[in-house]
Each structure stands twice: as C-alpha cells, then as structure tokens.
Amino acid sequence: MNASEAVRQLAELNATAFTLTESMYAAQDTLDRRRGELSTAVRFAHETSAAAREAEVAASANRRALATAVDAAYKGVPQSPLGAVLVADSPQQLLDQMVLLDRILADRAAALADSTQIDEEARDQLEQARQAQASAAVAEADAARTQRDLEQRQTDLADQIAKITDQFAALTDADRAAIVSPGTTNPSELPAAVSAASGTSAEAMRIALDQLGKPYSWGATGPGSFDCSGLIYFAYKQLGLTVPRVAADQARAGTPVSRESVQPGDFISLYSPIGHIGIYIGDGKYVNAPTGGDVVKVAPVPWDEVTAINRPIAT
C-alpha cells in the first residue's frame, strides 16, 4: 500500500468514526429524553391511580351517606302529595307536610346530582389512571429499545477506533504528517478580533481557543481531548450553558447568518450532511478539533466546503 492510499483509508476510517460518534451521542440524547418521559409517565400514573382510588372511596362514601340521609328524611313523612292529603289531620298539617315534602324532594335531587358528579369524577380518574399506565409502559419500552441501540453504537465505535489505531500505527512519519490539517496552535497568531469580540459566544470562543494543542479523540468533550462538536459543547459548559452535543444539531442552533455577516463566535459547519464544525474567530479563520491524529488548532475556513453558518447566542 502506498502512502497516499494509506492516508486515504485512514481518512475514510476517521469519517466513519465521526458518523458513529455523532449517531452515538444522538442516541444518548434520545435515551435521556426517553428516560425523562418514562419518569414523568410513571409519576403521573402513580398520581392518577392514587387520585382514582380516593375518588372511588369518596363516591362510595357519598352513596352510603345519601342512602342514609334519604331514609332518615322520609321517616314519618308521606311519600307523595297524595299521601300527604290522605294522612293530614288538618289543613295546616297538610300545608306543613307539603312544604316538608317539597324540601325533601329538592334536597334529594341536589344530593343525587352531587352523587352523580362524584361518580363521574371517579370514572374519569380511573380512565386517566389507565391511560397514564399505558403511556408509562410505552415510554419504558422506548427507553429500553433506545438503550439497546446506544449500546450497539458504542460497540461499533469502539471497533472503528481500534481499526483507526492500527492503521495510524502503520503509517510512516511522512504519512502521518500528510493527514494533519493546516493551521496553528500558537496563541500569538490569533486575529485581533479575538480580543475585541464581546458577548457570550465570544467568551465560548475564547474558552475553545484555550484548548489549542490538545489532541482529537472521538466522542471526547474535554478537558484533555476533544472531538469537533465536543470542543463546542465543552466551551459552553464552562459558562454554565448547554448547546446540543451533536454537530448536526449544533449547526441548526440559533440563527443562520451569511458569510458576509459572520462574526467571531459563530459556528462554522462543513460538508453535507454535516461532517465537521468549529467556531469562527475572525480574519477568515476558525478554531476546531479536526480529526484523529490531529489537535485542536486555528485554521483557515475552507469556505468552499462550508454548508452552514449560525449564531448560537446573541452577542
């Protein structure tokens, strides 16, 4: 195998490792969401089940109280207007019994309405509990499936990195030099725009620049090594902020801007689909963690390969 072929194969292995790394972290993000959904679903199922039990107990107690009250109310009282007429000893007694009967009938109607509402609320609570338990079961199955997917991706990435390590070890010094991207790790060569820029994204940019010279490592988020999206994730994390972990999601974060409007702190994304990302620092340059065998560095932006520029946080 000649030098150019060895370099080409290593570049292909690195590209595959990048894809696996990104998909692994996308699966991790999905798993985190699924676990959150599962936790919420289980908690809601417990709450609604408890509420349903309480509602059923209240409904049963209400029905017993209603029956007792009706029995007590009707003791010695005629059951209808005709009954009141037949048993009344005087017009005044008839009038009194009619008024009492009307009141009892009205009270019974109101009590029955209340009891019906309580029974309906209990049925609603039971239905909500059943739905919540079903949602929890679905969330649990989704989380388990995503967990298996993540574990498989982690295995695939480990296998890929092992191949890259073997391939890199077989390269000559000249071959290794050929895979290193152009750029600098010398802070004295940074554009004046780096110190002049202000705002949150500029602070994150300067944190990323503090990592110059640290090695690239697939899936790494610092502090000792980084991959491209891991460098950005780390920089914002130091500010107590969260950006997406995956390069493709980082490339969609915030507001798209044109090349003419780009400013220090903006994200620069390469290739389609997104295969690399860095932070613009001014003067046509960006800080990035290039690929396996390389280090965090400042390099000229390859504008012909740029497919997205976005401003993640207002400066």
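**View 1. I268 stands opposite I309 of strand 6.** This is a predicted model, in which local features need pLDDT of at least 70, side-chain atom pairs count only at pLDDT 80 or more, and totals for chains, interfaces and linings use all residues. Residues are numbered from 1 along each chain as its sequence is written, and side-chain values use heavy atoms, leaving out hydrogens and water. Strand 2 (residues 267-270) and strand 6 (residues 306-311) pair in the antiparallel sense over four bridges. Two strands pair if DSSP finds at least two bridges between them; strands (E, at least two residues) and helices (H or I, at least four) are DSSP runs numbered from the N terminus.

**View 2. Six strands make up an open, antiparallel sheet.** Follow the strands in the order 1-6-2-3-4-5. At the edges are strand 1 (255-256) and strand 5 (297-300), each pairing on one side only. Helix 6 (residues 200-209) packs on the sheet and touches strand 3 (276-282), strand 4 (285-288) and strand 5; contact means heavy atoms within 4.5 Å. The direction of helix 6 makes about 110 degrees with that of strand 3. Angles run from 0 to 180 degrees between N-to-C directions, with axes fitted to C-alpha atoms, for helices over the stretch in contact.

**View 3. Helix 7 (residues 228-237) lies across strand 2, strand 3 and strand 4.** Helix 7 runs at about 55 degrees to strand 3.

**View 4. Meet L157, a residue of helix 3 (residues 91-169).** L157 counts as buried because its relative accessibility is 6%, and buried means under 20% relative accessible area (1.4 Å probe, protein chains only). Beyond its neighbours within four places in sequence, L157 is in contact with A17, L20, T21, M24 and W218. L157 and M24 are 133 residues apart in sequence, and 8.1 Å apart in space, C-alpha to C-alpha.

Note on methods. Buried means under 20% relative accessible area, exposed over 50%, partly exposed in between (1.4 Å probe, protein chains only).
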